[in-house]
Amino acid sequence: MGLIDLLTRAAGSGAHVLVAEVPGAFRERVALERALDRMCWCIAESVADADVLAVVGEPGEAFAAVVEHVWAQMSEPRVRFQLRDETDAEALLSEAREQLRSGPKHLTETVLRRGFPPPADDVAHGHGDYDSDAHDGHAGHSEHDDHEENGDHGGGGGHDHSAMMPDGIPLAEGAEDRDGLEMDELHLPLGPVLAHWPAGVVLRVTLHGDVVVDAEIEQLAAGPGASSAQDDATTRAARLLDAAASVLALAGLPAESARTRRLRDRCLDGELGDSSEVARFGGSVGRQRVLHWSLGGLTVTESSGGSEQLHDRLMDLFDRARAELDGEAPRQVVSGTQALLELVRGRELATVRLWLAAMMPDLAQHELSGAANG
């Protein structure tokens with residue numbers, strides 16, 4: 001048995017799936033995650049870690065361009081499919097497993113099956129590469145072709161990105177720091193294909209080290225065939241629990257994150273007769289001293305002069321889910337473009353990811369229009 005055969009067998013038995021969630025495809029993404037759990041497959045944290053690319057929902061033109069870039073970065077053996085209906089998740093994953101196990105023959109053949117587009121290498125090779133391994137995303141948009149010609153792939157608008165390393169990896173530039181000394185400055189995109197990240201959101205950041213000093217935000221829209229139905233109370237509660245699970249996962253608490261996802265799934269299945277279980281578990285999470293210590297110091301100052309700790313925002317997610325299940329009037333936290341830009345500036349990347357995970361339900365309710373500069 002050759003090396004390629006061993007690799008394809010390993011990929012088929014325990015694949016890692018990179019999820020590209022289109023706005024409005026929350027239920028489909030949850031169905032995919034549940035099917036992955038049943039198959040003992042994992043969510044990929046990066047393009048380099050991925051065996052399967054799952055496009056969830058109907059992407060618009062800009063989002064589709066991002067998918068092609070991500071697909072071009074994935075190494076063989078690789079498979080991709082598009083999930084349009086939550087009931088197809090398990091069947092598509094089973095078919096992906098068979099394709100991974102088919103070995104070298106699959107690597108050179110065009111495979112046409114339900115939900116599986118033909119290999120897009122010819123299309124992908126027409127695009128320049130970008131630093132997907134660093135932040136697993138690319139800000140595809142209407143100026144995509146102009147950026148390709150200049151080697152600009154996701155930095156902040158107005159910056160000169162002509163100096164590029166091979167394969168499209170941007171070089172750091174010089175910029176003046178607060179103390180007047182020169183600081184390395186790097187422009188990179190975060191999202192939209194990133195675990196525990198708001199669907200369709202692209203955050204183009206300017207970094208001094210690992211600290212965000214400036215940012216632009218863009219929402220990549222879904223395609224014309226995407227559903228525009230408003231969430232009911234059960235779905236809103238599930239979104240809140242999903243966001244809480246993402247915060248816990250990023251905070252290094254996988255067991256608590258997994259239990260929160262199970263509450264989310266039972267909520268969508270209608271198995272939570274009341275909110276008591278959500279309230280009890282949220283209370284037990286809130287009493288964890290390590291979590292309070294690690295998240296309590298992550299504070300943002302609001303424009304009104306008040307402040308909010310990330311730990312309080314996490315507890316608020318559980319409380320809002322409880323309120324939705326109890327039939328109370330929905331209480332939403334406004335997370336506009338300007339508020340997001342003020343939140344991310346001056347914060348480390350890890351902190352930015354935690355805050356955006358906590359804000360996912362509110363971002364899903366408030367569409368961000370275009371890219372906004374701070």
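**Close-up views of a predicted model**

**View 1. Strand 7 is mostly covered in this predicted model.** The strand spans residues 201-208, and 8 of its 8 residues are buried. Both of its faces are covered. V201, L203, V205 and L207 lie on one side. V202, R204, T206 and H208 lie on the other. The buried set thus includes R204 and H208 as well as V201 and L203.

**View 2. Strand 7 pairs with strand 8 in a hairpin.** Strand 8 covers residues 211-219 and runs antiparallel to strand 7. The two strands are joined by 8 bridges. L207 has V212 of strand 8 as its bridge partner. Between the strands sit 2 residues. G209, in the turn, has a positive phi of about 70°.

**View 3. F281 and F318 form an aromatic pair.** A search of the whole structure finds 1 such pair. Its geometry is edge-to-face, with 5.9 Å centre to centre and 75° between the planes. The pair links distant parts of the chain, 37 residues apart. F281 belongs to helix 11 (residues 276-286), and F318 to helix 13 (residues 310-325). F281 counts as buried because its relative accessible area is 5%. F318 is likewise buried, at 4%.

**View 4. Two arginines lie over the face of W71.** R78 is placed 4.2 Å from the ring centre. R80 also lies over the face of W71, at 5.3 Å from the ring centre.

Note on methods. Residues are numbered from 1 along each chain as its sequence is written. This is a predicted model: local features need pLDDT of at least 70, side-chain atom pairs count only at pLDDT 80 or more; totals for chains, interfaces and linings use all residues. Side-chain values use heavy atoms; hydrogens and water are left out. Buried means under 20% relative accessible area, exposed over 50%, partly exposed in between (1.4 Å probe, protein chains only). Helices (H or I, at least four residues) and strands (E, at least two) are DSSP runs, numbered from the N terminus. Two strands pair if DSSP finds at least two bridges between them. Rings of Phe, Tyr and Trp (its six-membered ring) pair if their centres lie within 6.5 Å; planes under 30 degrees apart count as stacked, over 60 as edge-to-face and the rest as tilted. A charge sits over a ring if NZ of Lys or CZ of Arg is within 6 Å of the ring centre and within 35 degrees of the ring normal.
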